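Please keep the sequence and the structure side by side while you read the points below. They move from one helix to the next, then to single residues, and close with the chain as a whole.

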Amino acid sequence: MENPSPADPVSIDLIGHDYVADIDSSLPLKKWLYAWLFDPNIPGNYQKTVDRWIGILIVANLGALLFEHVEQIYVPNKHWFHWFDVLSVAVFTVEYVVRLFLAPEDEEFKKSKLPRMRYISSPFAIIDFLAVAPFFLQAFIPIDLRALRFLRLLRILKLFRIVIPAIKEFAELNRGRTFRQKIHAMVFESEYGGKLQTIFDTFIGIWVIISVLAVVLESVQSVSYLINLEFVILDTAAVAIFTIEYLMRLYACVEEPRYRHGFLGRFKQARNPSTVIDLLAILPFFLEVLLGSVLDLRFLRTFRLARLLKLTRYNDSTKILTTVIAREWPVISASAFIMILMVIMTASLGYVFEHEAQPEKFDNIPNSVYWAVITLASVGYGDISPITAVGRFMTVVMALLGIGIFAIPAALLASAFGDQLHKEREMLKTNLRNMMKDGHLDEAEIELLRSEAKRLHITIEELNVLLEHVHEERTNKENNSQIPIHVIAGRPAQAVDHYTPLLGQMHQLALLTDAAKFEEAARTSDRLTATEMAMWQQLQAGKNQA
């Protein structure tokens, strides 16, 4: 990628998520198709999209194979399974044929005398062939259905086309590093993780969704009756995967600066909220296995839904919300304290005014707390309600107060969340100014902008406007530095642009300079007028207020 000159505007297309490759349409057909579909070195083509959809289709095939083992599901929908298999084979066959056709354009095979034969004998091509061969073989050779299902499992090997390059990249990035450092790169975000770390996170996320769906469907009696054994196998596999991930995080966490010092570091990591969630995801399974013969712990299976919270680790909005809650916790805790007081007071008054009239509903203050909460939260289910005049009047007053008190935390969080996003976007703008000091963006800066824009939910259009604004500021600054001050003074708009950075420098000087020593030096040298000294003191007053 050519670096733009300082005078040229930086286009968001160079770093945006929807960058479209500029491929010459006059290229020969084979070169043009390969460039669009399979060339991994051209950003903005469809290579990643093809790999992604092929991967999704492979996973869907594995799900279909699982349900084919359940006769109650497979037999009534046999034709749908058949047509899905036909569609899958058609897609995989087209992919194989197109890759074979374009093999002479592939860097790996083009130097061979017979590039297509070289492709056919390559490991990936053999895997692609095995993925579709069973379907075509059954047209000529009678194959037992169970054997056919087993052979179709070979389609999972197609995922190696995505995984193997990531493994090679991971090995290169971690060359010379220890085993623990490699495990750390796998499970924690770092510069050494590469695509394999992203694949690992995606793998864990998929298993979280699958296991939670299994827990939900297991509660449906008709479904659980049909595939109860599959649910048990699926849950065991999920627990095994989550347990390995949990142990990997505890083992490698000491590579993080904040979790060093062996045992204490791992103990600190174990107390981390996200790690506690990881433990809750597997704990019900082990408790039921160890204590199931002594106690009836089937109710713990419901807590497997806590696995859904594991997805918060991969959600940037959750991280921002956590930061907001930590920052506003004193105010939130004060609001919570007031809400608790209101609930207790309302429950007590409800008991005092309604106990004699409704002793079965307002029998004591603790049981009245339920009515107090639904009244203050303005839910009002109607199963418990006052019947005395004083009780109803008190309910109206408390309900009106509750509307305001209970709304405070929600409004506070919404305001603080927006404020935090604004601050982080301003920080991104500051970082962008620093990146643009040399007049261009390198690959590392492009990747950082891409990830930050995604994290802060900034669209391509917004980031484009931001880039243009920063570029315009930089251009104006360069132009103003070369124009005499009397010329700038005659151009009000340009004078404003020139005034802003100067004022910023004055504020920075006031912030960083020792005020007492500055004023002493000014008095000793007598170099500042009374007006200039007053401006300095005004800047200091502004600093103290901030």
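1. In this predicted model, a useful place to start is the surroundings of helix α8, where the elements that cover its buried residues include α2 (47–68), α4 (78–101), α5 (115–120), α6 (123–137), α9 (179–187) and α10 (194–218). The buried residues of α8 themselves are R161, A166 and F170, and because they cover an arc of only 165 degrees around the axis, they are on the same side of α8. As background, an α-helix has 3.6 residues a turn, so residues three or four places apart point the same way.

2. The length of α8 can also be checked by simple reasoning. The helix runs over residues 160–173, and its 14 residues should span 20 Å at 1.5 Å a residue; the C-alpha atoms at its two ends are 19 Å apart, which agrees with that expectation.

3. Helix α14, covering residues 273–291, invites the same kind of check, since its 19 residues reach 26 Å from the first C-alpha to the last, close to the 27 Å expected at 1.5 Å a residue. Where does α14 bend? The bend is at I282, by about 40 degrees, and a proline, P284, follows within four residues.

4. Both I282 and P284 also belong to the buried residues of α14, which are T275, I277, D278, A281, I282 and P284. Among the elements that cover these buried residues are α12 (228–252) and α13 (262–271).

5. Just ahead of that helix, N272 lies in the loop between α13 and α14. Is N272 buried or exposed? With a relative accessible area of 19%, N272 counts as buried, because the cut-off for that word is under 20%. Its side chain makes a polar contact with the side chain of S274, at 2.8 Å.

6. Turning to helix α12, D235 lies within it and is buried, with a relative accessible area of 13%. If residues up to four places away in sequence are left out, D235 touches F285, R304 and R307, so a reader may wish to display these residues together when looking at this part of the model.

7. T375 offers another buried position, found in helix α17, which spans residues 365–376, and having a relative accessible area of 11%. The side chain of T375 reaches the backbone oxygen of W371 at 2.7 Å, while its contacts, not counting residues up to four places away in sequence, are with T395 and A399.

8. For the protein as a whole, the secondary structure comes to 24 helices and zero strands, and 33% of its 546 residues are buried. Of the contacts between residues at least 6 apart in sequence, 63% join residues at least 24 apart.

9. Finally, a word on confidence: the protein averages a pLDDT of 78, and 83% of the residues score at least 70. Among its elements, helix α7 (residues 145–152) has the lowest mean pLDDT, at 59, and α9 has the highest, at 92. Over residues 1–18 the pLDDT is below 50, although this stretch has 39 contacts in the model beyond near neighbours in sequence. Where pLDDT is low, the predicted coordinates should not be read in detail.

Terms used: Residues are numbered from 1 along each chain as its sequence is written. This is a predicted model: local features need pLDDT of at least 70, side-chain atom pairs count only at pLDDT 80 or more; totals for chains, interfaces and linings use all residues. Side-chain values use heavy atoms; hydrogens and water are left out. Buried means under 20% relative accessible area, exposed over 50%, partly exposed in between (1.4 Å probe, protein chains only). A polar contact is a pair of N or O atoms within 3.5 Å; within protein, one must be able to donate a hydrogen and the other to accept it, and residues adjacent in sequence count only if both atoms are side-chain atoms. Contact means heavy atoms within 4.5 Å. The expected span of a helix is 1.5 Å times one less than its number of residues. The arc is that of the directions from the helix axis to the C-beta atoms. The bend at a residue is the angle between axes fitted to the seven residues ending there and the seven starting there. pLDDT is the predictor's confidence in each residue, from 0 to 100.
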